[in-house]
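Reader: I am new to this structure and should be grateful for a close look at one part of it. Please begin with a single residue and work outwards from there.

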Amino acid sequence: MNMTGSVTKDGNLKTYHGPEFRAGLRYAFTDDFSVKAGLNTMRQYIHKVSNTMVMSPTDTWKLSDMYIEPQTGMQYSLGFYKNFNGGDLEASVEGYYKTIDNYLDYRSGAQLLMNDHLETEVLPTEGRAYGVEFMLKRPKGKLNGWISYTYSRTELRQSDPRIDSPVNNASWYPAEYDKPHDFKLVGNYQFTQRYSTSLNVDYSTGRPQTMPVSQYYDHTIGATTFFYSERNGIRIPDYFRVDLAFNIKPTHRLTAKTHTFFTIGVYNLLGRKNVYSIYFQNEGDEGVKGYKMSIFGAPIPYASFNVKF
């Protein structure tokens with residue numbers, strides 16, 4: 001059971017508490033085929049409010065208090081697992097559906113930074129998340145690793161009739177961490193007992209962002225005003241990265257008390273400039289221009305020394 005509280009204006013303690021339930025069930029049809037089902041409830045007493053309209057997306061954290069209730073949710077999951085060739089190859093399909101209540105999202109035109117009264121800038125929001133993951137894994141052998149593809153969605157909606165101007169007219173819209181497609185590949189090849197190489201490939205859909213789509217001159221204030229897309233209505237470019245590493249073991253004696261190995265590799269081998277965010281600046285006579293901000297937009301070599309006891 002989780003509990004949190006805050007002091008109200010009259011000195012009384014506002015307390016929230018409640019149980020969290022977990023349930024899991026596994027049934028093995030055969031030695032190499034099984035199904036699993038799960039159910040769990042969640043309570044979260046700290047809220048994250050993200051602004052996706054700025055150059056560096058910022059997160060504001062807020063504890064539940066006398067104005068903001070804890071976030072609650074329930075998740076259902078179901079998975080099928082199958083082994084082939086005596087466990088040489090493992091395959092799985094897993095799906096889930098999650099409901100979220102009392103999620104917080106900011107109202108249009110909100111001031112989030114350095115705001116001591118954040119409760120006046122956020123609105124109660126409901127959420128849902130669902131998806132399915134396919135995975136194929138080879139756990140042993142000279143060539144081993146795994147490959148997976150996940151389709152998932154995380155969406156929000158402000159459907160409370162008491163809200164005068166709900167975001168996106170009370171329709172579902174993607175959360176800031178909604179990335180429908182995700183592909184991962186991890187491969188290892190053992191040349192000898194001492195030498196091996198590793199490859200990592202990571203691809204995902206670009207995260208959604210709110211961006212200006214047009215501008216107009218507002219005569220009432222005597223200035224140019226921007227017209228923005230729907231909340232999180234446009235996505236930044238997709239994310240793609242390849243890492244490569246070469247591993248060396250000075251010794252592979254099984255009786256040794258410690259095992260050491262060197263790793264030499266390159267992070268972001270292709271030098272792709274993955275976009276972290278897109279921001280806009282008014283360039284005067286040239287109008288408004290958009291810029292992409294990237295982090296680690298070049299190949300980064302590295303070396304490491306590891307000791308296992």
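Author: Alanine 175 and its surroundings

Setting aside residues up to four places away in sequence, alanine 175 touches Thr154, Glu155, Leu156, Pro208 and Asn232. The model described here is a predicted one.

Alanine 175 belongs to the largest nonpolar core, which has 6 residues. The other members of this core are Ile100, Tyr103, Leu156, Val167 and Tyr173. Leu156 is thus named twice, as a contact of alanine 175 and as a fellow member of its core. Apart from this core lies another, of 5 residues, which includes Val49, Ile68, Leu104 and Tyr106.

A second contact of alanine 175, glutamate 155, leads from nonpolar to charged side chains. Glutamate 155 is found in strand β10. Its relative accessible area is 10%, below the 20% limit, and therefore glutamate 155 counts as buried. Beyond its neighbours within four places in sequence, glutamate 155 is in contact with Glu126, Gly127, Arg128, Tyr130, Trp172, Tyr173, Pro174 and Ala175. Tyr173, one of these contacts, is also part of the core that holds alanine 175. Glycine 127 is 28 residues from glutamate 155 along the chain, and the C-alpha atoms of the two are separated by 5.6 Å. With arginine 128, glutamate 155 makes a polar contact between side chains, at 2.8 Å.

Glutamate 155 and arginine 128 also take part in a network of salt bridges, together with Arg153, Asp178 and Arg235. Side chains of opposite charge can pair when their charged atoms come close. Within the network, arginine 153 forms a salt bridge with aspartate 178, and the closest N and O atoms are 3.0 Å apart. This pair links distant parts of the chain, 25 residues apart: arginine 153 lies in strand β10 (residues 143-157), whereas aspartate 178 lies in the loop between β11 (173-174) and β12 (181-190). Arginine 153 is buried, with a relative accessible area of 16%. Aspartate 178 is likewise buried, at 0% relative accessibility.

The structure holds 12 salt bridges. Another of them joins the side chains of arginine 231 and aspartate 105, at 3.3 Å from N to O. Arginine 231 is in the loop between β16 (223-228) and β17 (234-235) and aspartate 105 is in strand β8 (residues 89-106), so this bridge ties together parts that are 126 residues apart in sequence. Both partners are buried: arginine 231 has a relative accessible area of 7%, and aspartate 105 has a relative accessibility of 5%. The two side chains also count as making a polar contact, at 3.3 Å.

A further salt bridge connects aspartate 243 with arginine 241, the closest N and O atoms being 2.8 Å apart. Aspartate 243 is buried at 12% relative accessibility, and arginine 241 is buried at 12% as well.

The second core offers a path to one more charged residue. Ile68, named among the members of that core, has a backbone nitrogen that the side chain of aspartate 65 reaches at 2.8 Å. Aspartate 65 lies in the loop between β6 (58-63) and β7 (71-84). With a relative accessible area of 8%, aspartate 65 is buried.

Strand β3 (residues 22-30) stands in contrast to these buried residues. This strand is hardly covered, for the count of buried residues among its 9 residues is 0. Strand β3 is joined by 8 bridges to strand β4 (residues 33-44), and the two run antiparallel. In this pairing, arginine 22 stands opposite asparagine 40 in β4. A hairpin joins β3 to β4 through 2 residues.

Another hairpin is formed by β20 and β21, with 5 residues between them. In its turn, glycine 284 has a positive phi of about 70°. Strand β20 (residues 275-282) runs antiparallel to strand β21 (residues 288-294), and 7 bridges join them. Serine 277 stands opposite methionine 293 in β21.

To return to the starting point, alanine 175 touches both Leu156 and Glu155. Leu156 shares its nonpolar core, while Glu155 belongs to the network of salt bridges.

How values were computed
Residues numbered from 1 in each chain as written. Predicted model: local features only at pLDDT ≥ 70, side-chain atom pairs only at ≥ 80, totals over all residues. Heavy atoms only, no water. Helix = DSSP H or I, 4+ residues; strand = E, 2+ residues; numbered from the N terminus. Buried < 20%, exposed > 50% of the residue type's maximum accessible area, 1.4 Å probe, protein only. Polar contact = N/O pair within 3.5 Å; in protein donor to acceptor, adjacent residues only side chain to side chain. Pairing = 2+ DSSP bridges. Salt bridge = Lys/Arg side-chain N within 4 Å of Asp/Glu carboxyl O. Core = buried A, V, L, I, M, F, W, Y, C linked by side-chain atoms within 4.5 Å. Contact = heavy atoms within 4.5 Å.
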